[in-house]
Amino acid sequence: MCQARALRDVSAAALWPVLAGSASVQRSQTGNNNGVNHFAAGLDANWELDIFGGNRSALETSEALVRSSAASLGDVQVSIAAEVALDYITLRDAQARLAIARDNLASQQETLQITQWRWQAGLVTAIEAEQARTATEQTRALLPILQTSIGQTCHALAVLTGQLPTALVGLLTAVKPVPQAADDLALNIPAETLRQRPDVRAAEHQVTAAAGRVRQAEAARLPNFSLSGSLGLNALTLGTLTNGASVVSALLADASVPVFDGGSRRAQVRAQQAALDQALVVYQAAVLTALKEVEDALVALRDDRERLVRLQDAAEAAGNAALLARQRYSSGLVDFQVVLETQRAQLVTQASMASASADVSADHVRLYKALGGGWRSDGNDSPSNPTKTTTRTSPS
């Protein structure tokens with residue numbers, strides 16, 4: 001972006017006259033004659049008259065590229081923010097599923113203890129005892145996997161925020177719920193909101209820049225006019241250079257007209273026009289991609305919300321079933337297979353509910369990203385206050 005701004009300043013400078021100062025000292029001697037000194041000081045000026053707007057088009061192109069660079073920077077910032085949010089949701093989801101696994105492990109350990117007592121009393125066979133131990137150890141085996149996921153996600157978050165991998169481990173160790181957006185979030189997104197996406201804005205400014213290059217190429221086929229002049233002082237001694245020196249001035253008007261270049265300038269116009277057509281196609285593709293990503297995010301959010309509601313009901317029912325089965329098994333009213341199946345269903349359903357809750361949060365993040373995040377275009381198309389919105393016109 002700094003490079004684009006510097007090149008914009010170069011283009012702006014071409015609209016102004018160029019001034020240059022000069023000074024010289026010359027000493028000449030012929031044969032045995034005394035040497036003669038010659039002192040001169042002057043000021044030269046040159047100004048290219050931008051009659052047909054070639055330099056102005058170059059400036060407009062540079063300004064469009066500056067805005068495109070700012071929008072591209074905004075796109076990167078939005079992507080990083082979304083990635084941080086998704087990793088944070090992944091972290092809290094893993095912590096929630098770890099807590100669920102530990103709760104279910106405690107319940108299974110109680111069932112294992114009851115089964116072992118019943119086996120010792122001859123009320124069940126060794127098969128039930130081994131099945132209870134199998135279920136307990138399978139749940140216990142989930143804990144290291146989830147702990148690894150938590151640790152690796154902490155490392156990823158630290159790197160995304162520009163810190164050492166272990167910098168956030170202590171800060172993120174405390175278990176917190178998965179963040180959720182408001183349930184009354186409106187899903188009707190105005191179409192013009194998509195134009196705030198930084199990638200769409202960048203593509204639009206590339207169209208503007210390409211159009212400016214076409215105008216530059218067309219201006220290069222037309223006559224070029226310039227004015228140049230000089231004003232100087234000549235003296236034989238340094239002391240008289242400012243008092244009594246002769247003044248020399250000159251003014252020159254210059255015009256050049258392309259006569260024959262083998263079709264080079266005409267071909268340059270065609271090339272820039274082709275580049276403009278390509279930029280328009282890229283812009284249209286960016287808009288279509290934006291529409292697709294927003295629609296995908298809205299569909300996923302709607303369906304995941306419904307899935308979460310169903311899984312919440314299922315998790316409640318599975319918890320009740322597991323509790324009743326364990327109580328009746330303790331009283332010898334049901335077979336151990338009922339306990340085994342209900343506990344397995346409880347673990348799976350609760351883990352699915354936690355993952356569905358995380359999916360809903362992730363869908364909000366993806367929708368946020370699809371809409372351009374908190375990036376908004378201001379007068380310079382740089383990332384600004386998320387509450388600020390502006391209205392733009394489409395590229396012609």
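Hi everyone. Let me start with one term: a residue counts as buried when its relative accessible area is under 20%. With that in hand, here is a predicted model of a protein of 396 residues, of which 34% count as buried.

First, the overall layout. The protein has 7 helices and 4 strands. If you walk along from the N terminus, the elements come in the order α-β-β-α-α-α-α-β-β-α-α.

Let's look at one buried residue. Find valine 66 in helix α2. Why does valine 66 count as buried? Its relative accessibility is 7%, and the cut-off for buried is under 20%. Now look across to alanine 209. In sequence, valine 66 and alanine 209 are 143 residues apart, yet from C-alpha to C-alpha they are 9.7 Å apart in space.

Next, salt bridges. How many salt bridges are there? The count comes to 16, and I'd like to show you a few of them.

Start in helix α5, which covers residues 198–219. Here arginine 201 and glutamate 204 join their side chains in a salt bridge, with 2.6 Å from N to O. These two residues are separated by about one helical turn, because they sit 3 residues apart in helix α5. Are they buried or exposed? Both arginine 201 and glutamate 204 are buried.

Now move to helix α6, residues 264–330, where arginine 307 and aspartate 304 are again 3 residues apart, about one turn of the helix. They form a salt bridge too, and their closest N and O atoms are 3.6 Å apart. The two partners fall into separate classes here: aspartate 304 is buried, since its relative accessible area is 14%, while arginine 307 counts as partly exposed at 32% relative accessibility.

My third pair is arginine 265 with aspartate 261, a salt bridge whose closest N and O atoms are 3.1 Å apart. Arginine 265 has a relative accessible area of 34% and is partly exposed. Aspartate 261, at 32% relative accessibility, counts as partly exposed as well.

Salt bridges can also be linked up: Arg197, Asp199 and Glu293 are joined in a network of them.

On to the pockets. I'll show you the second largest pocket, with a volume of about 300 Å³. It is lined by 19 residues, and those closest to its centre are Glu48, Ala219, Ala220, Leu222 and Asn224. Which elements each supply at least two residues of this lining? They are strand β2 (36–49), helix α2 (54–120), helix α5 and strand β3 (224–235). You have met two of these already: α2 is the helix that holds valine 66, and α5 is the helix of arginine 201 and glutamate 204. As for the character of the lining, it divides into 10 nonpolar, 6 polar and 3 charged residues.

Last stop, the surface. Leu19, Leu43, Leu231 and Val247 together make a nonpolar surface patch of about 410 Å². Let's pick out valine 247, which is placed in strand β4, residues 246–256. Is valine 247 buried or exposed? It is exposed, because its relative accessible area is 58% and the cut-off for exposed is over 50%. So we have seen two valines today: valine 66, buried at 7%, and valine 247, exposed at 58%.

That's my tour. Thanks for listening, and do turn the structure around for yourselves!

Conventions: Residues numbered from 1 in each chain as written. Predicted model: local features only at pLDDT ≥ 70, side-chain atom pairs only at ≥ 80, totals over all residues. Heavy atoms only, no water. Patch = residues over 30% accessible without salt bridge, like charges linked within 9 Å, V, L, I, M, F, W, Y side chains within 5 Å. Areas by Shrake-Rupley, 256 points an atom, 1.4 Å probe, with all protein chains shown as cover. Salt bridge = Lys/Arg side-chain N within 4 Å of Asp/Glu carboxyl O. Buried < 20%, exposed > 50% of the residue type's maximum accessible area, 1.4 Å probe, protein only. 1 Å grid on protein atoms, 1.4 Å probe; cavity = no way out; pocket = protein on both sides within 12 Å on 5 of 7 lines; lining within 4 Å. Points joined across faces, edges and corners; volume = space filled by probe spheres on them. Nonpolar A, V, L, I, M, F, W, Y, C, P; charged D, E, K, R; others polar.
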